[in-house]
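Subject: Structure handover

Hello,

Here is the structure for you to look over. My notes follow below it.

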Amino acid sequence: MTPAGPEDLVVTRATLDDWPVISGWAADEGWNPGLSDGPAFFAQDPEGFFIGRLAGEPVSAVSVVNYGADYAFLGCYLVRPDLRGRGLGLATWNRGLTHADGRTIGLDGVVAQQDNYRKSGFELAHRTVRFTGTAPAAGEAPGVRAAEKADFEDIAAYDTACWPADRPRFLEHWLTAPGHRPFVRFRAGRLTGYAVIRPAHDCLRIGPLFADTAEDAEALFAGLAAEAAGREIAIDVPEPNEAAVSLARGAGLAPSFETARMYTGPVRPFAGERVHGVTTLELG
């Protein structure tokens, strides 16, 4: 019998009901997705998730989530391990890319796929390194407190300056999802950074960690460490931000995984120096 190939694959839009399958594959790859990520992801673009099936059985996935008229982010690119090498992933990928409809697309690509991404028009912006380890003893966290609903407007405005697109729908869910703990830092009455820590499959994940200065980032990280209370944590750090790399290493965390932030074209200018930890590798 001829093995099933891309001509047998049926790619349709995924729903939130499909998320446990997709996130389970991601967990098997060691990506450590958050336990409550799905609803926040789908809130941004419910039509941006795709799943491929053979004879009704899920075998592949990709997400291409649109943010406004100019930017999209690709993630969750997965094929069941026993069915790789048959063109199923590429067929799913191509279906997902049509959803971007001319937008610049960003992604965080694993090392093994980066050459393939270049062939699809993606160019390297920088490396992102995942640092993991036990949360250190909490230090001083002056000006840091748990975020309140009254802070959300300030957080959304701050986030817009730190990211290539506005994403209020995503943030509304990200800040309030079960288990997600957002923190803010104020100095002289002005928001100078915010961060979120959340439960994931293997440990707690930090993301984002956005802050004006290294001092602001250190204070926020201390607040997160107090929340983690000696548990295992992970944070995805843009390598060009030397202060962020130093913060992770100084906390005793070690590199465990790397990706490449890549884009198909220009993106809106944003304050990359404030990004001490990216939000997610799945949606940027």
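The notes cover one group of strands and then the salt bridges.

Please keep in mind that this is a predicted model.

Strands first. Start at β9, which spans residues 190–199. Is this strand covered or open? It is mostly covered, with 9 of its 10 residues buried.

β9 has a partner in β8, residues 181–187. The two are antiparallel and share 7 bridges. One contact to look up is Phe186, whose bridge partner in β9 is Leu191. The hairpin between β8 and β9 has 2 residues between the strands. Check the backbone there: Ala188 has a positive phi near 50 degrees.

β9 also pairs with β10, residues 204–211. This pairing is antiparallel too, with 6 bridges. Here Ile197 has Ile206 in β10 as its bridge partner. The hairpin from β9 to β10 runs through 4 residues.

Now the salt bridges. How many are there? The count comes to 20. Some that I looked at:

- Asp159 and Arg167: the closest N and O atoms are 2.8 Å apart. Both Asp159 and Arg167 are buried.
- Asp166 and Arg268: these side chains meet at 3.1 Å, N to O. The pair links distant parts of the chain, 102 residues apart. Asp166 sits in the loop between α5 (152–161) and α6 (168–174), while Arg268 sits in the loop between β12 (254–263) and β13 (275–277).
- Asp216 and Arg185: the N to O distance is 2.5 Å. This pair also links distant parts of the chain, 31 residues apart. Asp216 belongs to helix α7 (residues 214–228), and Arg185 belongs to strand β8. Both residues are buried.

Why do Asp166 and Arg268 count as partly exposed? The class runs from 20% to 50% relative accessibility. Asp166 is at 41%, so it counts as partly exposed. Arg268 is at 33%, so it counts as partly exposed as well.

There is also a network. Which residues does it link? Salt bridges connect Arg130, Arg205, Asp236 and Glu282.

To recap, β9 pairs with β8 over 7 bridges and with β10 over 6. Arg185 of β8 is in a salt bridge with Asp216, which lies in α7. That pair is a good place to begin reading the model.

Best wishes

Note on methods
Residues numbered from 1 in each chain as written. Predicted model: local features only at pLDDT ≥ 70, side-chain atom pairs only at ≥ 80, totals over all residues. Heavy atoms only, no water. Buried < 20%, exposed > 50% of the residue type's maximum accessible area, 1.4 Å probe, protein only. Pairing = 2+ DSSP bridges. Salt bridge = Lys/Arg side-chain N within 4 Å of Asp/Glu carboxyl O.
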